[in-house]
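Biologist: I am new to this structure, and I would like to understand the reasoning behind the words used for it. Could you show it to me and take me through a few of them?

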Amino acid sequence: MATINDNYLKLKAGYLFPEIARRVNAFAEAHPEAKIIRLGIGDVTEPLPAACRAAMVEAVTEMGDRATFKGYGPEQGYNWLREKIAQHDFQGRGCDITADEIFISDGSKCDTGNILDIFGDDNAIAVTDPVYPVYVDTNVMAGNTGVANDKGEFGGLVYLPITADNNFTASLPSQKVDLIYLCFPNNPTGAVATKAHLTAWVEYAQANGAIIFFDAAYEAFITDAEIPHSIYEIPGAKNCAIEFRSFSKTAGFTGTRCAFTVVPKTLTAKAADGSDVELWKLWNRRQSTKFNGVSYIIQRAAEAVYSAEGQEQVKALISFYMENAKIIREQLTAAGIAVYGGINAPYVWAKTPNSLSSWDFFDQLLHKCNVVGTPGSGFGAAGEGYFRISAFNSRENVEAAMKRITEKFTA
Ligand code: MLT
């Protein structure tokens with residue numbers, strides 16, 4: 001008889017965003033006249049930059065000609081894209097990262113889960129609370145946790161609360177941990193980490209032989225010049241951090257799929273016999289075995305992000321969403337609702353009005369205003385009493401949603 005991976009049975013209910021979609025679909029079916037505005041999942045709405053579209057069209061034409069047709073590409077990604085990323089995103093910011101340390105993939109969600117393939121099952125793992133749920137669920141699936149308690153916290157994970165008291169940036173753990181997930185600009189709270197804060201983490205990781213998984217999917221939304229975009233801006237990070245980046249939010253690639261993961265060659269972790277093993281070699285082996293790369297057409301589109309026109313168009317896209325974030329912040333603040341984030345990140349983290357629970361506010365917002373957000377408690381126990389609003393939508397929808405919310409709710 002075939003058996004299953006029982007770890008899946010430990011997972012709490014559905015993954016957050018499908019669960020939201022389920023509730024919204026049920027509401028929409030019962031109220032077909034409702035004009036629902038979705039500010040829940042952070043999914044982009046504006047068209048792909050023209051430079052990316054032109055590059056895709058050209059690549060499609062190449063695929064139609066035997067002389068320029070491409071079959072399997074390198075599993076790690078085409079070198080012309082890896083070079084552009086290394087130069088623009090890292091070397092241009094003073095980070096000593098080379099093209100061969102960059103692995104092109106189809107998403108940082110996938111990579112933050114897949115990376116566990118190359119780590120042992122005996123690591124002490126720290127996550128923030130609230131947290132992007134993928135980090136927790138993939139560890140549950142991999143058997144790295146116990147079962148969940150009533151608050152939804154899994155045994156075996158070290159939860160680091162991020163609250164208004166610590167500016168939504170995690171304090172260092174009091175115990176020794178081996179793997180640490182950090183996401184800055186933060187999903188869901190929109191908080192950012194200063195150089196000093198990241199330096200403290202890098203020093204902790206170096207002192208404890210730990211590896212930091214640094215999710216920088218939202219770095220392009222940083223507006224404050226003092227805030228680091230990459231963990232490799234911190235001295236020593238090349239010895240203790242893997243960084244995840246994505247074109248999804250930066251360039252509107254959520255449906256197009258292209259991201260990358262940086263695994264420095266200087267990074268090592270211990271084998272069972274106590275020897276140091278290069279993580280780059282293991283990740284390269286993993287990707288070569290389980291992944292066949294991102295399509296040529298999409299990689300050409302990603303490369304176009306780094307052209308002069310691409311850069312201009314991407315900046316305009318980001319400014320557009322950040323203006324939405326500003327509108328959300330201002331309108332909710334005017335209604336007396338406490339808000340955080342939304343200045344260096346496309347997410348606004350709001351205190352629920354009238355002490356409503358996160359899911360109660362979700363339901364009221366859906367039913368009274370036909371607006372969808374994301375309940376803070378869906379990101380972890382410490383998110384209870386908060387609500388995330390995404391700035392990814394049209395201006396018209398953001399303005400209409402804020403009008404509906406502020407008419408019905410004041411704190
Ligand atoms: C979110 O809304 O948190 C993101 O869209 C999820 C993701 O990027 O996978």
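Modeller: Gladly! Please keep in mind that this is a predicted model. Let us start with helix α12, residues 395-408.

Biologist: How do you know that the length of α12 agrees with what a helix of 14 residues should span?

Modeller: At 1.5 Å a residue, the expected span is 20 Å, and the end C-alpha atoms of α12 are 20 Å apart, so the two values agree.

Biologist: Which residues of α12 are buried, and what makes you say that they line one face?

Modeller: They are V398, A401, M402 and I405. Looking down the helix axis, these buried residues fall within an arc of 100 degrees, so they line one face of α12. On the other side, E396, K403 and E407 are exposed.

Biologist: What do the buried residues of α12 pack against?

Modeller: Their partners are β1 (37-38), α10 (308-334), α11 (358-369), β13 (371-372) and β15 (386-390).

Biologist: Let us move to a loop. Why is N370 called buried?

Modeller: Buried means under 20% relative accessible area. N370 has 16%, so the word applies. This residue sits in the loop between α11 and β13. Leaving aside neighbours within four places in sequence, N370 is in contact with F27, A34, K35, I36, I37, L365 and R404.

Biologist: What makes you say that strand β6 is mostly covered?

Modeller: Five of the five residues in β6 (residues 211-215) are buried. On one side these are I211, F213 and D215, and on the other I212 and F214, so both faces are covered. Strand β5 (residues 179-183) pairs with β6 in the parallel sense over five bridges, and L182 stands opposite F214.

Biologist: Which members of the largest nonpolar core touch the most other members?

Modeller: Those are I212 and F253, in a core of 100 residues. The largest share of this core, nine residues, comes from α10.

Biologist: How do you know where this core lies with respect to domain 1 and domain 2?

Modeller: Domain 1 (7-46 + 309-409) and domain 2 (52-307) both give residues to the core, so it lies between them.

Biologist: What is F253 in contact with, leaving aside its neighbours within four places in sequence?

Modeller: F253 is in contact with L48, C52, F247, S248, C258, I298, A301, A302 and V305. Apart from this core lies another, of 27 residues, with I115, L116, I125 and I242 among them.

Technical notes. Residues are numbered from 1 along each chain as its sequence is written. This is a predicted model: local features need pLDDT of at least 70, side-chain atom pairs count only at pLDDT 80 or more; totals for chains, interfaces and linings use all residues. Side-chain values use heavy atoms; hydrogens and water are left out. Helices (H or I, at least four residues) and strands (E, at least two) are DSSP runs, numbered from the N terminus. The expected span of a helix is 1.5 Å times one less than its number of residues. Buried means under 20% relative accessible area, exposed over 50%, partly exposed in between (1.4 Å probe, protein chains only). The arc is that of the directions from the helix axis to the C-beta atoms. Contact means heavy atoms within 4.5 Å. A nonpolar core is a set of buried Ala, Val, Leu, Ile, Met, Phe, Trp, Tyr and Cys residues joined through side-chain atoms within 4.5 Å. Domain bounds come from an automatic or database domain assignment. Two strands pair if DSSP finds at least two bridges between them.
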